[in-house]
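I am opening this notebook to keep a record of what I looked up in one structure, entry by entry. Each entry starts from something I wanted to know and ends with what I read off.

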Amino acid sequence: MPVHTLPAAEALARLDSFDTVIDARTEDEHALDHVPGAINWPTLNNQERIDIGTMYKQVNPFEAKKRGAALSARNIAAHIEREVIDKPRNWKPLVYCWRGGNRSGALATILGAIGFHVTLIEGGYKAWRAALVESIPALATRLHYRVVCGPTGSGKTRLLQALAAQGAQVLDLEALASHRSSVLGHIPGQEQPSQKRFDSLIWDALRHFDPARPVYVESESKKVGNVRVPDALIEAMRESPCIDLQLSDPERVALLLEDYDFFVKDSDHFCHRLQALAELRGKAVVSTWIEKVQQGHTPEVVLELLTQHYDPMYAQSIARNFKRYGEALPCVLRDRSAEALADAARGLLTAEPTASPA
């Protein structure tokens, strides 16, 4: 059966119509970013691609192509034996590689020869990436948002989770970025995604939202750790109605000690991260904080971090960037408990009118 090709923009629109999306690139290329939901069937693995590329430059292209064909045939055979034997005749895969189509084309040709309905993305991942970036502004601006604002430790992320548990549409940018969006926001043991991967995760989330219902999102800055929120999305958020989440200082400290328990367990790591604030707060202040942590007074340091560092900066940022914060809907938590957050989420959803795009 002949292999069909599809422009990248059409592949975006029809992504859910395929039974399987197959990334024929290497493991490292796939890890950096891939079409949402794609599985990785490398036509050449990481080391093989390096070896063939070296042979192409140092020996000659003809010898490299022969060796590459042998490796590709073996790898494709293994993929078919492992993944394809049980597939029905009407199985419809979408296949892509980097750009030229050699790796995906070899796989697609064999799958097509078997009799499957195979489609290739024209221009491969490179074209897909360009089409995805171009489509994000339209996806972002078709939606309307409710921005959860509140100082550090007020429970914004927990409220988003409570809203999601009750069926609300939630865009958790910090979860997508694997970062808690502050100088101390790096999560031990978790690497942030690449910018390309972050964009893909956002695109995939946005495309699944119903425009007739609001999307709840936290009042993020343009960057979440090392990745950047797409301009169209951040601009739409900053034009949106706000929710002013409020929690008492003792409860905020307790919440942060729970959410950042790795700092409590590893005081040396906490002290190391505090060093990053020396330029902003001064070496003397940071040295005092470090000394208090080493003496076991971490809750006291957390309170001072909130009142002396995070709260003033957050207040300035919110007032400057979120135009409708002055008319924000107050949401006062009685405490940090799951029950209080569930009640707050229920109240917000009950108060939400039948929504129409702003």
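**Entry 1: cysteines**

Does Cys242 count as buried or exposed? I found Cys242 at 5% relative accessibility, so I put it down as buried. I note at once that I am working with a predicted model, and that the values here are computed from it. Cys271 is likewise buried, with a relative accessible area of 8%.

I then asked how many disulfides the structure holds. The count is 0. For Cys242 I can give the reason: the closest cysteine sulfur is that of Cys149, and at 3.8 Å from the sulfur of Cys242 it is too far for a bond, because the cut-off for a disulfide is 2.5 Å.

**Entry 2: the chain as a whole**

I wrote down the overall figures next. The chain has 358 residues, of which 47% count as buried, and its secondary structure comes to 17 helices and 12 strands. Along the principal axes, the C-alpha trace spans about 70 × 50 × 35 Å. Looking at contacts with a separation of 6 or more, I see that 74% of them are accounted for by residues 24 or more positions apart.

**Entry 3: nonpolar cores**

Which residues touch the most other members of the largest nonpolar core? This core has 47 residues, and the ones I was after are Trp128, Tyr145, Leu171, Leu173, Leu206 and Leu233. Helix α6, residues 124-141, gives the most to this core, with 7 residues. There is also a second, separate core of 19 residues, and I noted Tyr260, Leu274, Val286 and Val302 as included in it. As background, nonpolar side chains tend to be buried together in soluble globular proteins.

I followed Leu233 further, leaving aside its neighbours within four places in sequence, and found it in contact with Ala140, Tyr145, Leu171, Leu173 and Ile202.

**Entry 4: helix α9 and Arg197**

Helix α9 covers residues 195-208, which is 14 residues, and reaches 20 Å from its first C-alpha to its last, close to the 20 Å expected at 1.5 Å a residue. Its buried residues are Arg197, Phe198, Asp199, Ser200, Ile202, Trp203, Ala205 and Leu206.

I looked at Arg197 on its own, since a relative accessible area of 15% makes it buried. What does Arg197 touch, not counting residues up to four places away in sequence? The list I obtained is Leu32, Asp33 and His34.

**Entry 5: the loop before α9**

Ser178 is found in the loop between α8, residues 173-177, and α9. Its phi is near 50°, a positive value in a residue other than glycine. For comparison, most residues other than glycine have a negative phi. Ser178 is buried, with a relative accessible area of 17%.

**Entry 6: α7 against α17**

I asked at roughly what angle the axes of α7 and α17 cross. For helix α7, residues 156-165, and helix α17, residues 338-351, the answer is roughly 65°, and the axes come within 8 Å. The crossing of α7 and α17 is right-handed. On the α7 side, Arg158, Leu159, Ala162 and Leu163 take part, and they meet Leu341, Ala342, Ala344, Ala345, Leu348 and Leu349 in α17.

**Entry 7: α11 and Leu303**

In helix α11, residues 249-259, I listed Glu251, Arg252, Val253, Ala254, Leu255 and Leu256 as buried. What covers the buried residues of α11? The cover includes α7, α12 (residues 261-265) and α16.

From helix α16, residues 298-321, I picked Leu303, which counts as partly exposed at 35% relative accessibility. Leaving aside its neighbours within four places in sequence, Leu303 is in contact with Asp249 and Val253. I also looked up a long separation: the C-alpha atoms of Leu303 and Leu107 are 58 Å apart, with their positions 196 residues apart along the chain.

**Entry 8: Gly282**

My last look was at Gly282, which lies in the loop between α14, residues 278-281, and α15, residues 283-294. At 24% relative accessibility, Gly282 counts as partly exposed. Its C-alpha atom is separated by 46 Å from that of Trp128, and the two residues are 154 residues apart along the chain.

Definitions and conventions. Residues numbered from 1 in each chain as written. Predicted model: local features only at pLDDT ≥ 70, side-chain atom pairs only at ≥ 80, totals over all residues. Heavy atoms only, no water. Buried < 20%, exposed > 50% of the residue type's maximum accessible area, 1.4 Å probe, protein only. Core = buried A, V, L, I, M, F, W, Y, C linked by side-chain atoms within 4.5 Å. Helix = DSSP H or I, 4+ residues; strand = E, 2+ residues; numbered from the N terminus. Contact = heavy atoms within 4.5 Å. Expected span 1.5 Å × (residues − 1). Axes fitted to C-alpha atoms, helices over the stretch in contact; angles between N-to-C directions. Left-handed = near helix turned anticlockwise from the far one by under 90°.
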